[in-house]
Amino acid sequence: MSSPTAASQRRSKIVIGVLASCGIAVSLMQTLVVPLLPEFPRLLNTTPANAAWLVTATLVAGAVCAPVLGRLGDMYGKRRMLLVSLAAMSSGSAIGAVSDDFGAVLVGRVLQGAAIGVVPLGISIMRDELPEERITSGVALMSATLGIGGAVGLPVTGVVAENFNWHWLFGGAALFGLVEFALVRLVVPESALRSGGRFDFVGALGLSAALTCLLLAISKGNDWGWTSPPVLGLLVAAAALFLVWGGYELRTPSPLVDLRVSARPAVLLTNIASVLIGMAMFAGFMVGAQIMQAPVGTGYGFGMSLVVTGLVLLPIGGAMGVFSPLSARISRRRGPRTTLILGGSVLTAGNLAGSFLHDPLPLVVFNLTIVAIGGALAYGALPTLIMRAVPPAETAAANSLNTLARSIGTSSCSAIVVALTTGSVVQISGVEYPSVTAYSWVFLVAGTAALLAALIAAVTPSARRYAPVVPQVATATGQAR
C-alpha cells in the first residue's frame, strides 16, 4: 500500500493537471475564431466590422466577468464558480456549433469569454487545497496556461478550419468544456474558506460599464479612429465611471474590489507590471503567424500556409509549458520578485532581438521561443506575488484583478500592433503587407514594455507573506471547522 504522503502527492498532481487543463481550455477560446475572421463575413452574411466583434466581444466579456466571478468565488465557493464558468463556455460553444446567424454566434462568443475567470479561480483553489510545497509550481503552471492555450490554439484551429466545417471548432470546444466540467466535479474539492458579506451588485455594474467603455475604445480605436467622437467619448466615459466607481467602492462595507488592498504598493505595482508583461508577451503571439505567412518578397516573410505556420510555432506553447516549473523553482528559492525581474529581462532581450533579426527561419523561431520563455517565467511569478500580498479570503478576487490587468495589456498590445502594422506597408502583387520597419517597431515597443516591467518589479517592496491556508474539514452538518 502506498503511504499517505505518496497518495497526497498523487492527488495534488491530479488536481493541478485538471485545473491546468481547464485553463488551457478557456485560453483556447481567445484564439478559436482567429483563423476564420477573413471568412466570417461570407459565412455569417455580415460585414468585416461586425465579424471583428467576434473577438472584441470575447475580450470584453472576459474582462468584465473575471473580477465578478472571483468575488463570487471568495464568497460562495471557488469550485462552484469554476463549474459555472465551464458551463458558460460549453453553452456558448454549443450555440456556435449549431448556429449560422451572426447574432447567435456573437452570444456564443460572449459566453466563451466569460469563462476566463477559470484561471484566477483555479489559482485560488490551489492556494486553498494544495500542500505548501506544491502551491508555487501549480500556480506557475496555471498562470502559464493563458499563454500555452493561445500558442497551441493556432495550429489546432488552423487544421480544423482548413479541413472541416467551421462549426466543428465550436462543437469540439463544447465537448472539451463538458469533459472538464465532469473532471472538476470528480477531482477538485471545494474550499471551506469563505469571505462572507453581500455581493456588491452596484460595484459590479459600475466596473462592467467602465471596463466595457475602456476596452471598446482600445480594441476599436484603429477601426473608428483614435480621435473620432465615439472613441474619445468612450475614453472620457471610462475615466468618469472609474472615478465614480472608485469612490463608491471606498464607501461600501463589502466592496467588489477592496481598493485599499489593491492600492498597497506590492499589489498596485505588480498589477502595473502585469499590464506591461501582457503587452510584451502577446506581441510575439500576434505577429509570429503573420511573419510566417507573409510572402518572401516582403523581406521578412516565409510564405507558409496556416497549418504549417501553426506547426512551426508550436515550440512557443511547448516552451511555456516546460519553463513554468522553472519559474516556480526560482520563486521558491529566490522569491517571485526575482523571477519576475528575470522573466522581464528575457522578454526584453527576445523582443529587442526580434526588432532586427528577420531571417533565417530557425533564428526567428528561436527568438520567438525566447519571448515565450520570458513570458512563462513572468506569468508564473505574478499570481504568487499577488497571493503573498493579500489575505487568503481575498485570493480569488485579487487574482481576478491581476488577470484583468494582463487582459488590458494584451488588448492594448493588439491595438498597438494594428496601428504600427497598418502605418507602414509594402505592396506585393497588388496586396498590402506590413513592412519590415513596422515589425521592427512592434518588437521595439514590446521590448520597452518588458524593460519597464522588470524595472517596476525591481522597485516593488516586499509584501507581507500570509500563512498558507490549511484545508478545513467539513462536519456531518456541512459546517467547516
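Author: A cavity is a set of points, on a 1 Å grid over the protein atoms alone, where a 1.4 Å probe fits but cannot get out. A pocket is an open set with protein on both sides within 12 Å along at least five of seven lines. Lining residues have an atom within 4 Å of a point. A volume is the space filled by probe spheres set on the points, and grid points are joined across faces, edges and corners. The model is predicted: local features need pLDDT of at least 70, side-chain atom pairs count only at pLDDT 80 or more, and totals for chains, interfaces and linings use all residues. Residues are numbered from 1 along each chain as its sequence is written, and side-chain values use heavy atoms, with hydrogens and water left out.

Reader: How many cavities of 30 Å³ or more are there?

Author: Two cavities reach 30 Å³ or more. The largest has about 80 Å³ of space. The second largest has a volume of about 60 Å³.

Reader: Which residues line the second largest cavity?

Author: M279, A280, A283, C413, I416, V417, L420, V442, V445, A446 and A449 line the second largest cavity. Helices α12, α17 and α18 (436–459) each supply at least two residues of this lining.

Reader: How does the lining of the second largest cavity divide by class?

Author: Ala, Val, Leu, Ile, Met, Phe, Trp, Tyr, Cys and Pro count as nonpolar; Asp, Glu, Lys and Arg count as charged; the others, Gly among them, count as polar. Set against that rule, the lining of the second largest cavity has eleven nonpolar, no polar and no charged residues.

Reader: What lines the largest cavity?

Author: I291, Y300, F302, G354, L357, H358, V364, N367, L368 and F443 do. Helix α16 (residues 361–389) gives the largest share, three residues. By class, seven are nonpolar, three polar and none charged.

Reader: How much space lies in the second largest pocket?

Author: About 410 Å³. The pocket has 15 lining residues, and W245, L259, L268, N271 and L401 are the closest to its centre. Two or more residues each come from α9 (201–224), α10 (229–251), α11 (259–262), α12 (265–293) and α17 (395–423). Helix α17 gives the largest share, four residues. The lining divides into 13 nonpolar, two polar and no charged.

Reader: What makes α4 parallel or antiparallel to α6?

Author: Helices are DSSP runs (H or I, at least four residues; strands are E, at least two), numbered from the N terminus. Axes are lines fitted to C-alpha atoms, for helices over the stretch in contact, and angles run from 0 to 180 degrees between N-to-C directions. Under 35 degrees counts as roughly parallel, over 145 as roughly antiparallel, 65 to 115 as roughly perpendicular and the rest as oblique. Helix α4 (residues 78–98) and helix α6 (residues 118–129) pack at about 155°, with axes 9 Å apart. Therefore α4 is roughly antiparallel to α6.

Reader: What is the handedness of the crossing of α4 and α6?

Author: A crossing is left-handed if the near helix is turned anticlockwise from the far one by less than a right angle, and right-handed if clockwise. The α4 and α6 crossing is left-handed. Contact means heavy atoms within 4.5 Å. Among the contact residues are M81 and L82 of α4 and L121 and I125 of α6.

Reader: Why are α14 and α16 called oblique to each other?

Author: The axes of helix α14 (residues 314–334) and α16 cross at roughly 40° and come within 8 Å. That angle puts them among the rest, so α14 and α16 are oblique. Their crossing is right-handed.
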